Protein chains: 2
Amino acid sequence: MAVTDEAITKIKDMILSGELSAGDRLPPEKELSEKLGLSRSSLREAVKALEIIRVLDVRRGDGTYVTSLEPKLLTEAMTFIVDLHQDKSILDIFEVRRILEPAAASIAAGRISLEQLAALRATMEDISEATSVESLVEHDLVFHGLIAAAANNSYLSSILDALSSSTVRARIWRGLTQERAVDRTLAEHNSIIEALERGDAELARALLTVHISGVENWLRQAL
Amino acid sequence: MAVTDEAITKIKDMILSGELSAGDRLPPEKELSEKLGLSRSSLREAVKALEIIRVLDVRRGDGTYVTSLEPKLLTEAMTFIVDLHQDKSILDIFEVRRILEPAAASIAAGRISLEQLAALRATMEDISEATSVESLVEHDLVFHGLIAAAANNSYLSSILDALSSSTVRARIWRGLTQERAVDRTLAEHNSIIEALERGDAELARALLTVHISGVENWLRQAL
DNA sequence: CAATTGTATTGGTCTGATGTTTGTCCGGGT
DNA sequence: ACCCGGACAAACATCAGACCAATACAATTG
């Protein structure tokens with residue numbers, strides 16, 4: 001194994017063993033490189049790799065820290081990967097979303113707060129068939145993100161966030177505007193909000209299934 | 001933004017734009033570093049970061065290539081992250097598994113092949129309450145992995161694989177052996193196989209829900 | 001006491017040299 | 001014609017050392 005990969009493993013092990021915990025600061029690069037027995041350049045490659053998956057947080061002029069390691073941080077790393085995997089099998093991604101989104105909505109129906117409901121309703125304002133694609137994408141991201149967040153499970157919302165990379169969404173909304181299906185989609189969003197307001201878990205689940213399936217079917221024939 | 005991060009973005013964009021496709025070889029480090037306007041050292045940090053999330057494949061003495069970018073590769077990257085996130089909120093992870101595993105089993109019931117069924121049955125051989133924890137973990141990983149694979153959705157099985165890091169599994173099985181709950185768990189596995197053999201999607205879904213919930217409840221009281 | 005300035009610490013980047021591995025080509029032997 | 005081995009080139013791996021830039025913190029100053 002290359003020295004850099006060894007360093008990655010060693011740092012990972014230090015975290016797993018508890019020698020390093022969330023928020024802890026690592027020794028300076030020079031010191032750590034000597035301790036691990038490799039050059040600073042090689043160590044930096046290892047640190048960079050751990051930084052991109054949000055395990056380490058490097059602050060110039062300050063030091064390198066272990067991140068909070070909250071599940072939320074999983075999102076960014078996963079999004080990065082899913083972004084690159086797009087086009088490969090969007091339908092597979094939709095199949096997973098069709099499983100998770102209704103489940104999230106169902107859970108959310110029993111837990112969602114008034115503030116979150118208000119935020120959901122707010123996303124519907126100023127949105128219509130005439131709205132720009134960028135705004136629609138933004139609305140959609142926030143809308144589904146809020147529902148996932150209301151389910152109160154960081155892993156669940158992180159995974160859903162990642163599976164709905166904005167790049168993919170943008171293309172879909174672009175297609176929807178051409179197909180003049182925007183108001184149907186927005187009407188579905190409205191129904192979902194109403195179900196959540198009533199705390200109707202079963203209805204919320206069903207509406208999400210229909211909603212995702214609708215887009216999925218449009219996608220299927222578009223490909 | 002630092003030059004290294006710029007390089008990461010640029011390489012990512014080259015892949016997204018199609019300038020680089022799966023399997024393509026990147027220019028040599030020296031050449032690419034000049035093209036992107038940074039030193040070789042900094043470029044190497046960028047490459048290392050993309051290598052760890054399985055976007056690039058570096059072959060010493062040969063060159064650097066874009067990986068196949070198959071969803072399967074998502075697993076390794078995600079597992080690495082989830083491994084580090086363990087202990088933080090295992091129950092959240094179980095909640096997601098309780099959503100995905102039954103869905104996967106339900107889909108698998110209609111698609112599973114005879115070979116896959118045989119493989120599933122094979123995992124039950126030589127397994128009993130007396131078996132070592134290592135073997136039980138191995139059995140469990142393969143068992144659930146096969147079901148996920150039978151659902152024939154790479155993203156689904158990748159995510160499930162990642163959520164079931166062997167580190168977590170090991171600890172759970174260790175607990176189960178102490179609680180003498182091993183044969184109940186194995187009996188549930190048997191029932192699941194039978195449901196899949198009959199192609200009974202609804203039953204498979206229910207059994208998986210019960211199965212995951214059972215472990216989940218044990219975990220809840222153990223924490 | 002607050003604002004400013006200095007300075008040490010720490011990460012960011014570059015350069016250039018050297019080691020290691022791999023792929024390829026070519027010549028000799030069968 | 002085929003196979004094998006060595007030489008060579010290409011490409012990544014690693015290191016050492018230098019200098020830049022941002023930050024934290026203590027000292028200074030008003």
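Between them, chain A and chain B bury about 4500 Å², and carbon and sulfur atoms give 71% of that. Three residues stand out on the chain A side: A:Leu84, A:His85 and A:Tyr155 supply 16% of the area that chain A buries against chain B, more than any other three residues. Keep in mind that this is a predicted model. In terms of contacts, 45 residues of chain A meet 45 residues of chain B.

Now for the polar side of things. The two chains share 11 residue pairs in polar contact. On chain A, the side facing chain B draws at least two residues from each of helices H1 (3-16), H3 (40-52), H4 (72-85), H5 (90-111) and H8 (154-163). H5(A) gives the most, with 9 residues. Sorted by type, that side of chain A has 27 nonpolar, 7 polar and 11 charged residues.

Salt bridges come to 35 over all chains, and 8 of them cross the interface of chain A and chain B. Here are some of the crossing pairs:

| Chain B residue | Chain A residue | Closest N to O |
|---|---|---|
| B:Glu45 | A:Arg44 | 2.8 Å |
| B:Asp5 | A:Lys48 | 3.0 Å |
| B:Arg111 | A:Glu95 | 3.5 Å |

The B:Glu45 and A:Arg44 pair joins two chains, because B:Glu45 sits in helix H3 of chain B and A:Arg44 in helix H3 of chain A. B:Glu45 is buried at 6% relative accessible area, whereas A:Arg44 is partly exposed at 30%. The bridge from B:Asp5 to A:Lys48 runs from helix H1 of chain B to helix H3 of chain A. Here B:Asp5 is partly exposed at 26%, while A:Lys48 is buried at 9%.

How values were computed. Residues are numbered from 1 along each chain as its sequence is written. Chains are lettered from A and ligands numbered from 1 in the order in which they are written. This is a predicted model: local features need pLDDT of at least 70, side-chain atom pairs count only at pLDDT 80 or more; totals for chains, interfaces and linings use all residues. Side-chain values use heavy atoms; hydrogens and water are left out. Contact means heavy atoms within 4.5 Å. Buried area is the accessible area (1.4 Å probe) that two parts lose on being put together, summed over both. A salt bridge is a side-chain nitrogen of Lys or Arg within 4 Å of a carboxyl oxygen of Asp or Glu. A polar contact is a pair of N or O atoms within 3.5 Å; within protein, one must be able to donate a hydrogen and the other to accept it, and residues adjacent in sequence count only if both atoms are side-chain atoms. Helices (H or I, at least four residues) and strands (E, at least two) are DSSP runs, numbered from the N terminus. Ala, Val, Leu, Ile, Met, Phe, Trp, Tyr, Cys and Pro count as nonpolar, Asp, Glu, Lys and Arg as charged, and the others, Gly among them, as polar. Buried means under 20% relative accessible area, exposed over 50%, partly exposed in between (1.4 Å probe, protein chains only).
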